[in-house]
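Here's a quick back-and-forth about how the labels on this one were earned. Have a look first, then we'll go through them.

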Amino acid sequence: MIFTDSHAHLTLDAFDPDREEVIARAREAGLRYLCTIGSLARDADAAAALAEKHDFIYFTAGLHPHDARLWDDGSAERLEALARHPRLLAIGEIGLDYHYDHSPRDRQREVFREQIRLARRVGLPIAIHTREAHDDTLRILEEERAAEVGGVFHCFSGNGAMARFAAGQGFRISFSGSLTFKNAAELRTVAADLPARLLLTETDAPFLSPHPHRGKRNEPVRVLAVVDQLAELHRTTPEAMGEETTRNFEAAFPRLRPR
Ligand SMILES: [Zn+2]
Ligand SMILES: [Zn+2]
């Protein structure tokens, strides 16, 4: 079977001891694509280097809402330069996180807007992180006309109304291991009701290990737990769901489409 991890943080030091083995494990199991997330404040260059090393790995770059306070005069220029890299798929992860509030909320909103504008300028989709900030996220996406570029809601945790809004704005919905958690019945209903063509799968590794590995370091091969769960919800086989979500991944990012 084939499958895709649309969002992992493979350049974080959690993978320093065995990064290549982790990648090989996933590849042996059928990993077709992996997108590693680069932070403008930290590991965007390392993410680019990893993508250059493996032909099935791509990357994103952006400033996470946690780090919004670090956005400065040179940030947009650096991000635009990274965006020219042919293996960069999207600007991200960007968005709002009112759960941790690591950066002031008004700053998060400003920097989110800046990066959406930049994505529209360079004509690339965005990868959105939103936590406990759903109303502001949707309002900003609409005001900044993010529908022009679309992209993905990563680690989706919203309700059905939010998923429908996202779909209407040209976004795909990516589910992580949190879909498998015991207390995620409502999220599973949202996933079951979405058209299969909108679904993407991710690990967010090293974070968010699926049940029953919850709390341990996550890694790309465990995206299979998400594929299995989505297959069950959509009454199909894991093989068919792995294929479908891989095609959806290709469709989500213009740089993966044959020219
Ligand atoms: Zn995130
Ligand atoms: Zn992430």
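Q: Which residues line the second largest cavity?
A: This is a predicted model, to begin with. The second largest cavity has a lining made of Thr130, His134, Phe153, His154, Cys155, Phe156, Ser157, Gly158 and Met162. The space inside comes to about 40 Å³.

Q: What makes the lining of the second largest cavity four nonpolar and five polar?
A: Phe, Cys and Met count as nonpolar, while Gly goes with the polar ones. On that scheme the lining splits into four nonpolar, five polar and no charged residues.

Q: How many cavities of 30 Å³ or more does a search of the whole structure find?
A: Two. The largest cavity holds about 60 Å³, and its lining includes Ser6, His7, Cys35, Ile37 and Phe253. Strands S1 and S2 (31-39) each bring at least two residues to that lining. By class it has six nonpolar, five polar and one charged residues.

Q: Why is the space of about 1000 Å³ called a pocket?
A: A cavity is a space the probe cannot get out of, whereas a pocket is an open set of points, so the label says that this space is open. The largest pocket has about 1000 Å³ of space and 38 lining residues, with His129, Arg131, Cys155, Asp204 and Leu208 nearest its centre. Helix H7 (185-193) gives the most to the lining, four residues. The classes there are twelve nonpolar, 16 polar and ten charged.

Q: What makes His7, His9, Glu93 and Asp204 donors of the zinc ion (ligand 2)?
A: Distance. The cut-off is 2.8 Å, and the donor atoms, NE2 of His7, NE2 of His9, OE of Glu93 and OD of Asp204, lie 2.1 to 2.4 Å from the ion. So they count as donors, though water is not among the atoms and a site may look incomplete.

Q: Why is the site of the zinc ion (ligand 2) called irregular?
A: Tetrahedral needs all angles between 85 and 135 degrees, but the angles among these four donor atoms run from 87 to 177°. The upper end breaks the tetrahedral limit, so that label is out. The site is classed as irregular. Along the chain its donors are spaced H-x1-H-x83-E-x110-D. His7 sits in strand S1 (residues 3-8) and Asp204 in the loop between strand S8 (199-201) and helix H8 (223-233), so this pair ties together parts 197 residues apart in sequence.

Q: What makes Glu93 a bridge between the zinc ion (ligand 1) and the zinc ion (ligand 2)?
A: Glu93 is on both donor lists: it coordinates ligand 2, and ligand 1 is held by Glu93 (OE), His129 (ND1) and His154 (NE2) at 2.0 to 2.1 Å. The two zinc ions lie 3.3 Å apart.

Q: How do you know that His129 and His154 are buried?
A: Buried means under 20% relative accessible area. His129 comes out at 13%, so it counts as buried. His154 is at 4%, so it counts as buried too.

Q: Why is S1 called largely enclosed by the rest of the structure?
A: Six of the six residues of S1 are buried, so the strand is largely enclosed. S1 also pairs with S2 in the parallel sense over four bridges; one of the contacts has Thr4 with Tyr33 as its bridge partner in S2.

Q: What makes Leu208 partly exposed and Arg235 exposed?
A: Exposed starts over 50%, and partly exposed covers the range between 20% and that. Leu208 has 27%, so it is partly exposed; Arg235 has 76%, so it is exposed. Each has a positive phi without being a glycine: about 60° for Leu208 and near 50° for Arg235. Most residues other than glycine have a negative phi.

Q: Where are the cis peptide bonds joining Ala205 to Pro206 and His211 to Pro212?
A: Pro206 is in the loop between S8 and H8, and Pro212 is found in that loop as well. Omega is about 10° for the Ala205 and Pro206 bond and about 5° for the His211 and Pro212 bond.

Key:
Residues are numbered from 1 along each chain as its sequence is written. Chains are lettered from A and ligands numbered from 1 in the order in which they are written. This is a predicted model: local features need pLDDT of at least 70, side-chain atom pairs count only at pLDDT 80 or more; totals for chains, interfaces and linings use all residues. Side-chain values use heavy atoms; hydrogens and water are left out. Donors are N, O and S atoms within 2.8 Å of the metal (3.2 Å for Na, K and Ca); water is not among the atoms, so sites may look incomplete. Four donors count as tetrahedral if all angles lie between 85 and 135 degrees; four count as square planar and six as octahedral if opposite donors are over 155 degrees apart and all others between 65 and 115; anything else is irregular. On a 1 Å grid over the protein atoms alone, a cavity is a set of points where a 1.4 Å probe fits but cannot get out, and a pocket is an open set with protein on both sides within 12 Å along at least five of seven lines; lining residues have an atom within 4 Å of a point. Grid points are joined across faces, edges and corners, and a volume is the space filled by probe spheres set on the points. Buried means under 20% relative accessible area, exposed over 50%, partly exposed in between (1.4 Å probe, protein chains only). Two strands pair if DSSP finds at least two bridges between them.
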